[in-house]
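Work through the following exercises with the sequence and the model side by side. Each opens with a task and continues with a solution in steps.

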Amino acid sequence: GDEWEGQDWRGSKSLVFTVYSREPLSFEFGFNDVNEYGYIALAPQTKGTGWETLSFPMTSFQLNPFYQPPGAQKGAPLDLSRIETFNIAPKTTGKHEFKLKEVLIRK
């Protein structure tokens, strides 16, 4: 909505998501921190047996080596005080079908 101001992810320990797939799939998660630095992490691969809940530590996120927004504040440390958006992208090559039920940040 128009009044969305993001979420505070400080103190987060892990990212947890529930996904449905009929084949093993890999996913990449990404976000920009308050300094506009882009971070990415690979999630564990699904087994491809239906609904699965997977998690990975927030320490998995690293600066995106392929892209940084023009407005990124060079040299600033990771700041999770306001995350306005995040992205989830399949990394498995080819055409695939999957469903996401929920994405949670665990503190």
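## Exercise 1: The chain as a whole

In this predicted model, 76% of the contacts between residues at least 6 apart in sequence join residues that are at least 24 apart.

Task: establish which elements the chain contains, in what order they run, and how much of the chain is buried.

Solution. Step one is to list the elements: the chain has 7 strands and 0 helices, so that, counting from the N terminus, the order reads β-β-β-β-β-β-β. 
Step two is to take the overall dimensions, for which the C-alpha trace spans about 40 × 30 × 25 Å along its principal axes. 
Step three turns to the surface: of the 107 residues in the chain, 34% are buried, while the exposed area comes to about 6,900 Å², with carbon and sulfur atoms supplying 50% of it.

## Exercise 2: Two sheets

Task: assign strands to the open sheet of 3 strands and to the open sheet of 4 strands, and state which are edge strands.

Solution. Begin with the sheet of 3 strands, whose order is β4-β1-β7 with antiparallel pairing. Its edge strands are β4 and β7 (98–106), each of which pairs on one side only, and neighbouring strands of this sheet are turned by 15° against each other on average, direction ignored. 
Next, look within this sheet at β1 and β4, which run antiparallel and are joined by 8 bridges; in this pairing Thr 18 stands opposite Thr 53 of β4.

Now take the sheet of 4 strands, which has the order β5-β3-β2-β6, again with antiparallel pairing. Here β5 (62–63) and β6 are the edge strands, each pairing on one side only. 
Finally, follow β2 to its two partners. Towards β3, to which it runs antiparallel, there are 5 bridges, and Gly 30 stands opposite Ile 40 in β3. The two strands form a hairpin with 5 residues between them, and in the turn Glu 36 has a positive phi of about 70°. Towards β6 (residues 86–90), also antiparallel, there are 5 bridges, with Glu 28 partnered by Ala 89 and Phe 27 by Pro 90.

## Exercise 3: The nonpolar core

Task: identify the residues with the most contacts inside the largest nonpolar core, and the elements that give two or more residues to it.

Solution. The core has 20 residues, and those with the most contacts inside it are Leu 15, Phe 17, Phe 27, Phe 29, Phe 31, Phe 56 and Phe 61. The elements that give two or more residues are β1 (14–21), β2 (27–32), β3 (38–42) and β4 (50–57). As general background, nonpolar side chains in soluble globular proteins tend to be buried together.

To see one core residue in detail, take Phe 56 and leave aside its neighbours within four places in sequence: Phe 56 is then in contact with Ser 14, Leu 15, Phe 17, Phe 29, Ala 41, Leu 42, Ala 43, Pro 44 and Phe 61. 
One of these partners, Ser 14, lies in strand β1. Beyond its own neighbours within four places, Ser 14 is in contact with Phe 56, Pro 57, Met 58, Leu 104, Ile 105 and Arg 106. Ser 14 counts as buried because its relative accessibility is 16%, and the cut-off for buried is under 20%.

## Exercise 4: A threonine in a loop and a glycine in a strand

Task: decide whether Thr 46 and Gly 50 are buried or exposed, and describe the surroundings of each.

Solution. Start with Thr 46, which is placed in the loop between β3 and β4. With a relative accessibility of 2%, Thr 46 is therefore classed as buried. Its side chain makes a polar contact of 3.0 Å with the side chain of Ser 21, and a polar atom of that threonine side chain lies 3.3 Å from the backbone oxygen of Glu 23. Not counting residues up to four places away in sequence, Thr 46 touches Val 19, Ser 21, Glu 23, Pro 24, Leu 25, Phe 27, Glu 52 and Leu 54.

Continue with Gly 50, which lies in strand β4. Its relative accessible area is 9%, so Gly 50 is buried. With residues up to four places away in sequence again left out, Gly 50 touches Val 19, Tyr 20 and Ser 21. Its C-alpha atom is separated by 5.8 Å from that of Arg 22, although the two residues are 28 apart along the chain.

Definitions and conventions: Residues are numbered from 1 along each chain as its sequence is written. This is a predicted model: local features need pLDDT of at least 70, side-chain atom pairs count only at pLDDT 80 or more; totals for chains, interfaces and linings use all residues. Side-chain values use heavy atoms; hydrogens and water are left out. A nonpolar core is a set of buried Ala, Val, Leu, Ile, Met, Phe, Trp, Tyr and Cys residues joined through side-chain atoms within 4.5 Å. Buried means under 20% relative accessible area, exposed over 50%, partly exposed in between (1.4 Å probe, protein chains only). Contact means heavy atoms within 4.5 Å. A polar contact is a pair of N or O atoms within 3.5 Å; within protein, one must be able to donate a hydrogen and the other to accept it, and residues adjacent in sequence count only if both atoms are side-chain atoms. Two strands pair if DSSP finds at least two bridges between them. Axes are lines fitted to C-alpha atoms, for helices over the stretch in contact, and angles run from 0 to 180 degrees between N-to-C directions. Accessible areas come from the Shrake-Rupley method with a 1.4 Å probe; for residues, only the protein chains shown count as cover.
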